[in-house]
Amino acid sequence: MNDAIFKDWGLPVRHLFLAAGPCSAESETQVLETARALAKHDVSFMRAGIWKPRTRPGSFEGVGLKGLSWMDRARSETGLKIGTEVADPSHVEACLEYGLDVLWIGARTSTNPFSMQAIADALKGSDIPVFVKNPMSADIGLWMGAIERLINAGLTKVGAIHRGFSSTLEMRYRNAPNWKLPIELKRHMPEIPMICDPSHICGKSELISLIAQEAMDLLFDGLMVEVHLDPPRALSDAEQQLTPPQFFEMIGNLDLPHEQSDSPSFISQISELREGIDELDSHLLELLSQRMNIVREMGRIKVEQNVSTLQPNRWQKILEDRVGKGEALELSRDFVLQLMQSVHEEAIRQQEASRTEG
Ligand code: PEP
Ligand code: MN
């Protein structure tokens, strides 16, 4: 957990770093009442969107500037820190004028390097904490690029928010969690604190606790959750918002695991199991290497006979067979599919390489 970093950014952390509040600011009363409900517990800042990026025009596009004065009033009354989403330089200017405590950049904006650069330029000279949500598509380079633009503009308080990725393959969640991406971002940029936004991943309030717990198990540094006084009547994202009591109950039920334990029996059990894993991984790699030797041999024979690298029927049969075998071995269909696709892609690469060598 990066609690010390957040405190250094002027954002309080008690139990866990928590950003909470409505998807959108809707009225002054709603903002004030939400702030009062949140201030009773340990919230690091209250979120509320005032400029809403909507997929289709005509839906609620946010209350605009007046929302900032409502949030400012909520802050004076409750002492809560406040933050909102900015999508262009005029938003940045307005937020800096109101002295917001934190900003975030939404998924649609972090997708666009021109917008990111314009925002970074507008933020130059300020030291406000800014979180960057992952771009809509599962592209780690775009996400890192967006963060780098802020750092290059001289910002020193930059964090990341994982809000899932738009995917036609995802059935359960609104946005596919695709955990390997935030894990990769963390590996490349370990100094950037990373929080999870389970609301936009899930799209449904009943799934939020599951994703929030998974984020804790994966050592995320905190959560941003959409909280609304009356979710069914929310003007945006009605299905995914929690009421304040639901939110605090969910947070209270989270387990917060540590990265390490110094219990001697844990250490000895885990190291024995890790030895097993290391040995199996070596076997896996040796087997894959043997498989690639055969693949290259096949590539040579195919070239001799002017036969195509890709063999669609054979590939289809391999997939069906391996998925079936995998299922019998309690390996999920998705996992086996991804694994075999990866192996097949490398097999094609190797065969094509031997074609050009020949
Ligand atoms: C939001 O936080 O309300 C929002 C619009 O999120 P995202 O950019 O993740 O879609
Ligand atoms: Mn929302």
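Start by selecting ligand 1 and the side chain of Arg47: in this predicted model, an oxygen atom of the ligand sits 2.7 Å from a side-chain N or O atom of Arg47. Keep ligand 1 on screen and add Arg108, where a side-chain N or O atom is 2.9 Å from a ligand oxygen. Then add His200, whose side chain places an N or O atom 3.3 Å from an oxygen of ligand 1. How much of ligand 1 does the protein bury? On its own, ligand 1 exposes 300 Å², and the protein buries 97% of that.

Now bring up the rest of the shell. Besides Arg47, Arg108 and His200, the residues around ligand 1 include Cys23, Lys52, Glu85, Trp104 and Gly106. Ala107, Lys133, Arg163 and Glu226 belong to that list too. Try colouring the shell by residue class: you should get seven charged residues, three nonpolar and two polar.

Next stop, the surface. Select Leu329, Leu331, Phe335 and Leu339, which form a nonpolar patch with about 380 Å² of accessible area together. Zoom in on Leu339, which you will find in helix H14, spanning residues 333-357. Is Leu339 buried or exposed? Leu339 falls in between: its relative accessible area is 41%, so it counts as partly exposed.

For the last stop, go to Phe17 in strand E1, which covers residues 17-21. Phe17 counts as buried because its relative accessibility is 0%. Show Leu223 as well and draw a distance between the two C-alpha atoms: they are separated by 6.5 Å, although Phe17 and Leu223 are 206 residues apart along the chain.

Key: Residues numbered from 1 in each chain as written. Chains lettered and ligands numbered in written order. Predicted model: local features only at pLDDT ≥ 70, side-chain atom pairs only at ≥ 80, totals over all residues. Heavy atoms only, no water. Near = heavy atom within 4 Å. Polar contact = N/O pair within 3.5 Å; in protein donor to acceptor, adjacent residues only side chain to side chain. Areas by Shrake-Rupley, 256 points an atom, 1.4 Å probe, with all protein chains shown as cover. Nonpolar A, V, L, I, M, F, W, Y, C, P; charged D, E, K, R; others polar. Patch = residues over 30% accessible without salt bridge, like charges linked within 9 Å, V, L, I, M, F, W, Y side chains within 5 Å. Salt bridge = Lys/Arg side-chain N within 4 Å of Asp/Glu carboxyl O. Helix = DSSP H or I, 4+ residues; strand = E, 2+ residues; numbered from the N terminus. Buried < 20%, exposed > 50% of the residue type's maximum accessible area, 1.4 Å probe, protein only.
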